[in-house]
Amino acid sequence: MSLSRGLRPAPRRVLATAGALSAALVLSACGGGDADDTSGGGNTNFVTSKGGVSTAAKGERAGINTIAGETLDGTKLDVADLKGKVVVLNAWGSWCGPCRAEAPHFAKAAEAYKGKDVAFVGLNTRDFNKQQALTFEEDYKVPYPSLYDPDGKLILFGFPKGTLSLKGIPSTVVLDKEGKIAARALMALDETKLRSMIDPLLQEK
């Protein structure tokens, strides 16, 4: 009797999802990518400065898809609930050297913006042992929550194609007060570069 009898091919949607998650793992490789790169779709409305920060003009920004789930400490968080604030989304992993380099700058900036209309949210990925990520946050005194995204689903599916999406680890996207994607950096940031992405959005009416 054939061993294949009665076995059916996997549904296309299952194969597609598996392929997408494999892509997410590749995408998450430490080191970032080309600062001029976008997620496809032929959009040419992005401007990249010499410092490697890409921006979109106010009338040409796209919204995000759903970025929600459980944080490292087990709290539920939905980025959509932060509308009305400038939101800094930072993709990181405890295993990533550049992430360790930028962590003190993010912690310092988050403290400096306390009481202002700014929210920081981390997207922790490829830390399949959650304790390693929690130790990272403790070591660097990270004062803001991180969504736990070990398989990279939020990073891969959280942004529409053709937008300034997160790519590589570390990378950072800043949303304006309407929840739209305004700026992105595909590299480790210091506090000065991070502030250069946030401050113009705080001043927008």
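This report walks through the aromatic pairs and nonpolar cores of a predicted model.

## Aromatic pairs

Let's start with the rings: searching the whole structure turns up three aromatic pairs. In one of them, the ring centres of Trp92 and Phe136 are 4.5 Å apart and the planes meet at 25°, so this pair is stacked. It ties together distant parts of the chain, with Trp92 in strand S5 (residues 86-92) and Phe136 in helix H3 (residues 130-139), 44 residues apart.

Phe136 also pairs with Tyr140, this time in a tilted arrangement, with 4.8 Å from centre to centre and 45° between the planes. Trp92, Phe136 and Tyr140 thereby make up one aromatic cluster. Trp92 and Phe136 are both buried, whereas Tyr140 counts as partly exposed at 26% relative accessibility. For Phe136 the relative accessibility is 7%.

## A charge over a ring

Another tryptophan, Trp95, has a charged partner: the charged end of Arg126 sits over the Trp95 ring, 5.0 Å from the ring centre.

## Nonpolar cores

The largest nonpolar core has 28 residues, and Val79, Leu89 and Leu147 touch the most other members. Two or more residues each come from S5, helix H2 (97-112), strand S6 (118-124), H3, helix H4 (153-157) and strand S8 (171-175). S5 provides the largest share, four residues.

Have a look at Leu147 in the structure: beyond its neighbours within four places in sequence, its contacts include Ile67, Leu77, Val79, Val121, Leu123 and Leu154. Apart from this largest core lies another one of 20 residues, with Ala110, Val174, Leu189 and Ile198 among them.

How values were computed
Residues numbered from 1 in each chain as written. Predicted model: local features only at pLDDT ≥ 70, side-chain atom pairs only at ≥ 80, totals over all residues. Heavy atoms only, no water. Phe/Tyr/Trp six-rings, centres within 6.5 Å; stacked < 30°, edge-to-face > 60°. Buried < 20%, exposed > 50% of the residue type's maximum accessible area, 1.4 Å probe, protein only. Lys NZ or Arg CZ within 6 Å of the ring centre and 35° of its normal. Core = buried A, V, L, I, M, F, W, Y, C linked by side-chain atoms within 4.5 Å. Contact = heavy atoms within 4.5 Å.
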